[in-house]
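Visitor: I am new to this protein, and I would like to be walked through its packed helices, its cavities and its pockets. Could you show me the structure before we begin?

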Amino acid sequence: MNQASETRRAHASPLFAGLPGDIGVSFEFFPPKTEKMEETLWDSVLTLAPLSPRFVSVTYGAGGTTRERTHNTVARIVRETGIPAAAHLTCVEATKDEIAEVADAYWQAGVRHIVALRGDPPGGDAKFTPHPQGYANAVELVAGLREMHPFELSVSAYPETHPDAASPAADLDNLKRKLDAGASRAITQFFFEPDTFFRFQDACLAAGIEAEIVPGIMPVSNFAAIQRMSGMTGTAVPDWLGHLFEGLDEKPAARQLVAATVAAEFCRRLYAGGVRNFHFYTLNRAELSYAICHLLGLRPEHAA
């Protein structure tokens with residue numbers, strides 16, 4: 001199916017009718033703090049597992065504050081589900097030896113994929129300061145991990161430019177250096193307009209970046225929380241999005257329905273533009289991501 005006919009079909013028929021489910025998905029979780037949160041996380045992993053994700057990833061707290069919990073979560077996913085699991089790893093407040101120790105532990109646990117990030121400054125500090133014996137940035141971290149083990153490496157990308165970048169061009173150059181250092185794909189920060197991704201995709205190609213760029217999708221389950229996160233990441237929140245969630249603060253069921261509808265339409269428009277791989281920020285809840293995947297035609301492997 002060529003792009004022109006796919007675009008016509010997206011506009012001429014019911015938006016989700018007849019989709020073949022030819023998408024690849026991945027899901028991001030964060031390590032649980034309590035036994036109850038661990039139950040919720042594990043329920044979410046088991047709910048999403050039948051969709052045969054390409055991988056699932058688990059985040060890593062600033063300065064290694066969730067180091068043990070991240071390791072335990074990733075190791076359990078590898079051990080009990082067989083889903084390829086990726087562990088996040090950052091440069092923040094860690095020496096190269098400490099990072100090597102963490103990476104070795106992942107390798108021994110069967111983890112073969114790392115999401116390599118510079119990481120955010122701890123405690124709300126305004127500026128990232130490398131550890132004197134650590135990696136200065138994600139470019140160095142990727143190169144260092146590449147020397148340790150033959151990990152599959154993913155890195156981050158910022159369609160609306162990283163807040164610390166001197167310019168969009170400098171941010172693209174940094175992304176290219178991370179990929180040239182050994183990463184195989186980039187996963188984007190969340191965003192809310194399809195054209196934001198398509199413009200970024202075009203800019204990447206113009207900058208000589210040919211690696212896979214996977215859009216990061218953040219379903220809006222809590223609009224106030226999304227506003228806070230967007231303020232920290234420099235993500236634009238369109239006015240229409242706020243309008244759709246007005247009056248739903250005390251109506252969680254209705255909010256979930258609106259969130260699934262909005263995010264699914266957003267992904268459908270990305271799909272119409274040729275996107276076939278999606279990375280979902282689940283916030284450790286499966287319902288929204290599962291519903292979106294279902295609308296995009298993805299069904300559990302056993303049902304298919």
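The conversation below takes up enclosed cavities, open pockets and pairs of packed helices in turn.

Visitor: What kind of model is this?
Guide: What you see here is a predicted model.

Visitor: How many cavities of 30 Å³ or more are there, and what is the volume of the largest cavity?
Guide: Counting cavities of 30 Å³ or more gives a total of three. For the largest cavity, the computed volume is about 80 Å³.

Visitor: Which helix gives the largest share of the lining of the largest cavity?
Guide: The lining includes Phe191, Phe192, Trp240 and Phe245, and also Ala259, Val262, Ala263 and Phe266. Two helices, helix 9 (239–245) and helix 10, each supply at least two residues of this lining. The largest share, which amounts to four residues, comes from helix 10.

Visitor: How do the residues lining the largest cavity divide into nonpolar, polar and charged?
Guide: Among the lining residues are Ile217, Met218, Pro219 and Val220. When the lining of the largest cavity is divided by class, there are no polar and no charged residues, and the nonpolar ones number twelve.

Visitor: Which element gives the most to the lining of the second largest cavity?
Guide: The second largest cavity, with a volume of about 50 Å³, is lined by Ser156, Ala157, Tyr158, Asp171, Leu172, Asn174, Leu175, Lys178 and Phe200. Strand 5 (152–157) and helix 6 (168–180) each supply at least two of these residues. By class the lining has five nonpolar, two polar and two charged residues. The element that gives the most, with five residues, is helix 6.

Visitor: Turning to the pockets, which residues lie nearest the centre of the largest pocket?
Guide: The largest pocket has a volume of about 1700 Å³, and helix 6 gives the most to its lining, with five residues. By class, the lining of the largest pocket divides into 25 nonpolar, 15 polar and ten charged residues. Of the 50 residues that line this pocket, the ones nearest its centre are Leu117, Asp120, Tyr158, Gln189 and Thr233.

Visitor: Which elements give two or more residues to the lining of the second largest pocket?
Guide: The second largest pocket holds about 170 Å³ of space, and of its 14 lining residues Phe197, Gln201, Ala211, Glu212 and Ile213 lie nearest its centre. The elements that give two or more residues to this lining are helix 7 (194–206) and strand 7 (212–217).

Visitor: How many nonpolar residues are in the lining of the second largest pocket?
Guide: The lining of the second largest pocket has two polar residues and three charged ones. The count of nonpolar residues in that lining is nine.

Visitor: Is helix 10 roughly parallel or oblique to helix 11?
Guide: Two packed helices are described by the angle between their axes and the distance between the axes. Helix 10 (residues 252–272) and helix 11 (residues 287–295) have axes 9 Å apart, and they pack at an angle of about 45°. Because of that angle, helix 10 is placed with respect to helix 11 as oblique.

Visitor: Which residues of helix 11 meet helix 10, and is the crossing left-handed or right-handed?
Guide: From helix 10, the residues in the contact are Gln256, Ala259, Ala260, Ala263, Ala264 and Cys267, and from helix 11 they are Glu287, Leu288, Ala291, Ile292 and Leu295. The residues of this contact divide into nine nonpolar, one polar and one charged. The crossing of helix 10 and helix 11 is right-handed.

Visitor: How is helix 3 placed with respect to helix 4, roughly parallel or oblique?
Guide: The axes of helix 3 (residues 67–81) and helix 4 (residues 96–108) come within 10 Å of each other and cross at roughly 20°. Since angles under 35 degrees count as roughly parallel, helix 3 is therefore described, relative to helix 4, as roughly parallel.

Visitor: Which residues of helix 3 and helix 4 make the contact, and how do they divide by class?
Guide: Helix 3 passes helix 4 in a right-handed crossing. The contact is made by Arg67, Thr70 and His71 of helix 3 together with Glu101, Val102, Ala105 and Tyr106 of helix 4. By class, the residues of this contact are three nonpolar, two polar and two charged.

Technical notes: Residues numbered from 1 in each chain as written. Predicted model: local features only at pLDDT ≥ 70, side-chain atom pairs only at ≥ 80, totals over all residues. Heavy atoms only, no water. Axes fitted to C-alpha atoms, helices over the stretch in contact; angles between N-to-C directions. Parallel < 35°, antiparallel > 145°, perpendicular 65-115°, else oblique. Left-handed = near helix turned anticlockwise from the far one by under 90°. Contact = heavy atoms within 4.5 Å. Nonpolar A, V, L, I, M, F, W, Y, C, P; charged D, E, K, R; others polar. 1 Å grid on protein atoms, 1.4 Å probe; cavity = no way out; pocket = protein on both sides within 12 Å on 5 of 7 lines; lining within 4 Å. Points joined across faces, edges and corners; volume = space filled by probe spheres on them.
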